[in-house]
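Me: Please take a close look at one part of this model, the packing inside one chain and where that chain meets its partner. A connected account would suit me better than a list.

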Amino acid sequence: MLKIENLHARVEGKDILKGLTLTVNPGEVHAIMGPNGAGKSTLGNVLSGRDGYEVTEGSVIFQGRDLLALEPEERAAAGVFLAFQYPVEIPGVNNTYFLRAALNAQRRQRGEAELDSMQFLKLVREKLKIMQISDELLHRAVNEGFSGGEKKRNEIFQMAVLEPKLAILDETDSGLDIDALKQVAQGVNALRSPDRAFLVITHYQRLLDYIEPDFVHVLADGRIVESGDKSLALKLEEHGYAWVNDRDPVLASEART
Amino acid sequence: MSQSPAPVPFIDALREAGSLRLAGSGLAWLEAARRENLEAFIAAGLPDTRAEAWKYTALRALGQRRFALGDAQAASHPVDPYALTLPGIDGPRLVFVNGVFRADLSRLEALPPGLSLQPLSRVLENDPEPLRFALSRRYREAGDAFARLNAALAGDGVVLRVAPGVRVGKPVHLCFAGTPAQGDAAWHVRNVIELGEGAELDLVEHHLATAPHKHLGTLVSDIALRDGAKLQLALLQNAAEDSTLIRHGSLHLGAKAQAMLHVLELGGGLVRHDLHAELRGDDARLDTRGVFVLRGRQHVDTQLSIRHQALNTASESVWRGVADERARGVFRGAIVVAEGADGSDASLSNKNLLLSAQAEIDTKPELEIYADEVKAAHGATVGQLDERALFYLRSRGLPHAEARALLTTAFCRAVFAALPNETLRDHFSDALLAHLPS
């Protein structure tokens with residue numbers, strides 16, 4: 001589904017990703033862990049198409065398409081979703097209105113029929129069961145005045161409605177207390193399916209207690225230096241990140257066999 | 001005369017205007033006022049940017065143009081009445097085409113009791129005396145140059161009165177349509193509007209074009225609210241994109257009177273809107289909300305001046321400006337709290353959004369306070385769209401133009417949130433969205 005090869009990326013003239021290689025298949029959950037500054041968030045931003053990230057080498061193929069050649073909205077329509085580390089507040093734009101506009105824009109780009117307000121409402125009600133989010137938040141402006149937990153739950157709720165093929169969770173656990181973390185993880189787990197993959201970017205192992213990954217990769221200095229199963233996360237928790245710094249990069253595909 | 005100044009075609013075209021036959025010609029007092037205002041306008045010429053009121057709006061290019069004195073065919077141009085309708089507005093309607101009253105397009109039958117609504121041209125023929133005071137005014141300030149021209153040449157307009165205590169149930173629609181004529185024409189419209197004590201009225205002023213043209217229109221409105229009167233005024237300005245429109249409004253509020261004004265400026269090539277409001281009676285309240293959304297090479301200049309002259313008066317002004325492409329917007333908001341207007345509460349917020357590097361907006365909030373125990377706040381900003389918000393929307397699938405339009409509409413939303421007519425509010429939203437370049 002997603003094939004990242006030898007990806008190099010630069011931000012403000014500084015090389016951040018230095019040869020990242022990763023393959024993700026449908027249905028898999030991959031955790032990307034690593035110390036601050038390793039390039040975790042850069043990976044999410046490059047994949048979703050944020051301005052200011054210059055890819056200098058390598059390729060990203062998503063479902064047979066050159067992902068890097070697509071505009072952010074085209075990536076969204078192709079099925080890539082980024083849950084933001086810092087969801088943006090947008091005063092004056094109603095949350096439900098925004099979500100319907102986004103869903104219909106994606107459907108238009110895919111050549112599918114748009115949902116009218118009744119159909120959309122029905123979909124929202126269904127998805128509300130998955131993600132516990134109050135009606136009141138739906139009627140407010142996007143993320144405006146939301147607590148940290150509400151913002152993250154709103155991200156997962158958007159994901160539930162937009163039904164992406166690949167969901168990238170960028171430090172979704174940051175700033176959450178344990179109850180909020182559990183709720184977010186529950187939402188994510190409910191959306192796991194054989195044709196949907198997740199890339200869970202996190203600094204801490206804690207989230208992985210609730211979202212069980214199939215693979216764990218350690219990112220250091222812009223490369224994946226270690227890959228393994230979920231036990232790798234526990235090892236990191238025990239030993240910290242200091243030990244990974246002098247590791248050689250290994251290919252994720254090698255680690256899997 | 002030792003020097004002959006460079007010829008100004010705009011002024012030269014007015015030299016024959018004194019012999020024009022307008023409604024009310026033959027009334028000595030009116031002829032005198034018209035003649036004096038015309039002579040004064042010609043003598044002074046168009047104001048230049050040295051005058052503070054015209055600092056950001058240069059009239060040199062306008063000075064080089066020659067406009068016909070009115071449009072002789074204005075009474076007979078075919079106009080589709082359906083094009084004049086506004087959703088949510090189905091009451092009495094007064095229509096002017098190129099500044100001339102059109103009975104065939106208006107809806108004046110079965111007016112609600114207590115409402116008097118007539119074209120100025122008819123009032124001047126039948127019963128001009130009550131208008132003597134309003135139409136005898138001599139304008140002297142540089143900022144009032146076009147009011148002076150209007151006073152010299154206006155032969156039509158709106159005369160509206162609501163009797164004391166009467167609440168007019170349906171909104172009154174004043175419609176000013178521009179339509180192509182032989183060459184570029186100048187038209188001048190004069191409105192006199194009065195709400196008696198305790199009267200209530202919803203009024204909609206609507207400018208539109210049936211097809212592209214380059215006319216000049218001036219419109220002067222005097223609106224008086226007697227004690228306890230309430231006015232809702234919504235203005236939708238969607239004039240032809242190459243036209244020039246100059247509006248000059250004065251609004252007087254008596255004790256406990258309340259006025260709420262909503263303005264959406266979308267059209268016109270060169271547009272100037274002056275509003276002078278005076279809160280003359282204790283506890284009067286004025287709310288003004290407005291936005292201009294500009295594109296291409298539009299130039300729109302809004303000049304708001306509010307005077308608090310009585311005890312415990314309140315004014316709240318919320319204005320937004322959006323300029324895209326090479327457009328230019330100007331906003332000046334001046335609030336004066338006069339001596340003795342103790343307990344007044346005045347606030348003014350003006351926020352502006354530049355959508356292109358070539359667009360420009362100049363804003364100038366001013367506050368002068370001469371009274372005690374006054375609450376006053378004002379602020380102005382000019383900024384750009386939030387790139388993070390734009391990316392957030394795009395990352396969810398909204399194409400760039402749609403994301404931009406959504407954020408721009410959101411930026412303007414606060415302006416119309418309090419517009420009570422929901423259908424009209426939606427129409428304003430749609431019109432604004434339609435005007436954004438995609």
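Reply: A nonpolar core is here a set of buried Ala, Val, Leu, Ile, Met, Phe, Trp, Tyr and Cys residues joined through C-beta atoms within 7 Å. The model is predicted. Its largest nonpolar core has 197 residues, and those that touch the most other members are A:Ala83, A:Ile168, A:Val200, B:Leu225 and B:Ala259.

A:Ile168 can be followed further. Leaving aside residues up to four places away in sequence, A:Ile168 touches A:Ala83, itself one of the residues just named, together with A:Phe81 and A:Leu82. The other contacts of A:Ile168 on this count are A:Gly44, A:Leu47, A:Ser48, A:Leu199 and A:Ile201.

Next, a pair of helices in chain A. Helix H3 (residues 95-109) and helix H6 (residues 148-162) have axes that come within 10 Å and cross at roughly 35 degrees. The crossing of H3(A) and H6(A) is right-handed. H3(A) contributes A:Leu99, A:Ala102, A:Leu103 and A:Gln106, which meet A:Gln158, A:Val161 and A:Leu162 of H6(A). Sorted by class, that contact has 5 nonpolar and 2 polar residues, with no charged ones.

Both helices also take part in the meeting of the chains, where 21 residues of chain A are in contact with 15 residues of chain B. On the chain A side, two or more residues each come from helix H2 (72-78), strand E7 (90-94), H3 and H6. H3(A) gives the largest share, 5 residues. By class, this side of chain A has 13 nonpolar, 5 polar and 3 charged residues.

Key
Residues numbered from 1 in each chain as written. Chains lettered and ligands numbered in written order. Predicted model: local features only at pLDDT ≥ 70, side-chain atom pairs only at ≥ 80, totals over all residues. Buried ≥ 20, exposed ≤ 12 C-beta atoms within 10 Å, placed from the backbone. Contact = placed C-beta atoms within 7 Å. Axes fitted to C-alpha atoms, helices over the stretch in contact; angles between N-to-C directions. Helix = DSSP H or I, 4+ residues; strand = E, 2+ residues; numbered from the N terminus. Left-handed = near helix turned anticlockwise from the far one by under 90°. Nonpolar A, V, L, I, M, F, W, Y, C, P; charged D, E, K, R; others polar.
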